[in-house]
Amino acid sequence: MAWFSKKPRIAVEAEPAAEPQPSRMQGLWAKCESCDEIIYRQELEKNWMVCPHCEHHHAWTARSRLAATLDPDSFEEFDKGLEPLDPLGFSDTKKYKDRLKSTRKNLDENDAFISGVGRIEGHQVSVGCFLFEFMGGSMGSVVGEKVTRVFERAYELKCPALVFSASGGARMQEGIFSLMQMAKTSAAIARFRNSGKPYVSVMLNPTTGGVAASFSWLGDIILAEPHALIGFAGPRVIEQTIRQKLPEGFQRSEFLLDHGMIDAIVHRKELRTKLGQLLGLLG
């Protein structure tokens, strides 16, 4: 007989782990992408999503931008009911129709563009703004239609047109239907120019791909926010193609201003005043 005995272990059912409770401090603070300073989120939002330490312009929602730029209670939204379809039955890691459904549910928006009519310092303007948070602000058939209607509405009302662009370019899930929007929006601008009214294009970070290659760079006045990435292909793609090192700050708004590609860089807090001046002079 062994000089020791091992008692059988009593099996104890483990209790299910409790779900982690969200911290009461979660979401109260934000880290600046440029200077790494920790900022109280409420302070950042009150400052129009501009870092109070280094003036870095963070991403800003389209509806907040329109509310801050247009005269109070002057915005009337149009074409809100337009929704994209899935003409190609496209599927990658997720079905396109399922991706649209989940994005609509999360953002409570039908697509990546908001359009309507409003006023800036009393001047009527047909305005549109991209929602970059909706599939990277990609331009599908509905976005292209809504952009086109911005210029058609401006033509009918004989008022200036204003578009805020923030996009990764064409929406690959719609294939050729997406690429056709480049010609469609450009043709609408050509017709709008017969009205003699100005088109002001404001490029945000980022403005790339088919959006930059069409209506965004066809403005009579082209403005940009500080340090915005603007161009057709990204810097990394260009470097790999030409096998050369690009200049410092290439495709940023400051570089483009120095090379005559845009007319002015305007701080977010000064944009409403600048737009009011331009519309007063040209509108």
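This is a selection-by-selection tour of a predicted model, covering two helices, a pocket and several salt bridges.

**Stop 1: helix 4**

Select residues 141–157, which form helix 4. The helix has 17 residues, and its end C-alpha atoms are 24 Å apart, in agreement with the 24 Å span expected at 1.5 Å a residue. Now colour its buried positions: Val-142, Val-143, Gly-144, Lys-146, Val-147, Thr-148, Val-150, Phe-151, Arg-153 and Ala-154. Show their surroundings as well. The buried residues of helix 4 pack against strands 3, 4, 5, 6 and 7, and against helix 5. Before moving on, select Lys-158, just after helix 4, where phi is positive at about 55°.

**Stop 2: helix 5**

Select residues 176–192 for helix 5. From first C-alpha to last, the 17 residues of helix 5 reach 25 Å, close to the expected 24 Å. Which residues of helix 5 are buried? They are Ser-178, Gln-181, Thr-185, Ala-188, Ile-189 and Phe-192. Add helix 4, strand 6 (161–167) and strand 7 (199–208) to the view, as the buried residues of helix 5 pack against these elements.

**Stop 3: the largest pocket**

The largest pocket holds about 390 Å³ of space. To find it, select His-57, His-58, Ala-59, Trp-60 and Asn-205, which are the closest to its centre among the 23 residues that line it. Strand 5 (123–130) and strand 7 are the elements that each give two or more residues to the lining. Strand 7 gives the most, with 3 residues. Colour the lining by class to see 10 nonpolar, 6 polar and 7 charged residues.

**Stop 4: salt bridges**

Side chains of opposite charge can pair when their charged atoms come close. The count for this model is 13 salt bridges. Three pairs and one network are picked out below.

Start with Glu-77 and Arg-63, whose side chains meet in a salt bridge at 3.1 Å, N to O. Glu-77 lies in strand 3 (residues 76–78) and Arg-63 in helix 2 (residues 62–69), so this pair ties together parts that are 14 residues apart in sequence. Glu-77 is partly exposed, with a relative accessible area of 24%, and Arg-63 is also partly exposed, with 33%.

Next, select Arg-193 and Asp-220, a salt bridge of 3.3 Å, N to O. This pair links distant parts of the chain, 27 residues apart: Arg-193 is in the loop between helix 5 and strand 7, and Asp-220 is in the loop between helix 6 (209–212) and strand 8 (221–224). Arg-193 counts as partly exposed at 36% relative accessibility, as does Asp-220, with a relative accessible area of 37%.

Then go to Glu-225 and Arg-268, where the closest N and O atoms of the salt bridge are 3.0 Å apart. Glu-225 sits in the loop between strand 8 and strand 9 (230–231), and Arg-268 in the loop between strand 10 (264–265) and helix 9 (271–282), so the pair ties together parts that are 43 residues apart in sequence. Are these two residues buried or exposed? Glu-225 counts as buried at 4% relative accessibility, and Arg-268 counts as buried at 3%.

Last, select Asp-79, Glu-145, Arg-149, Arg-153 and Lys-184, which salt bridges with shared partners join into one network. Arg-153 was met at the first stop, as one of the buried residues of helix 4.

Note on methods:
Residues are numbered from 1 along each chain as its sequence is written. This is a predicted model: local features need pLDDT of at least 70, side-chain atom pairs count only at pLDDT 80 or more; totals for chains, interfaces and linings use all residues. Side-chain values use heavy atoms; hydrogens and water are left out. Helices (H or I, at least four residues) and strands (E, at least two) are DSSP runs, numbered from the N terminus. The expected span of a helix is 1.5 Å times one less than its number of residues. Buried means under 20% relative accessible area, exposed over 50%, partly exposed in between (1.4 Å probe, protein chains only). Contact means heavy atoms within 4.5 Å. On a 1 Å grid over the protein atoms alone, a cavity is a set of points where a 1.4 Å probe fits but cannot get out, and a pocket is an open set with protein on both sides within 12 Å along at least five of seven lines; lining residues have an atom within 4 Å of a point. Grid points are joined across faces, edges and corners, and a volume is the space filled by probe spheres set on the points. Ala, Val, Leu, Ile, Met, Phe, Trp, Tyr, Cys and Pro count as nonpolar, Asp, Glu, Lys and Arg as charged, and the others, Gly among them, as polar. A salt bridge is a side-chain nitrogen of Lys or Arg within 4 Å of a carboxyl oxygen of Asp or Glu.
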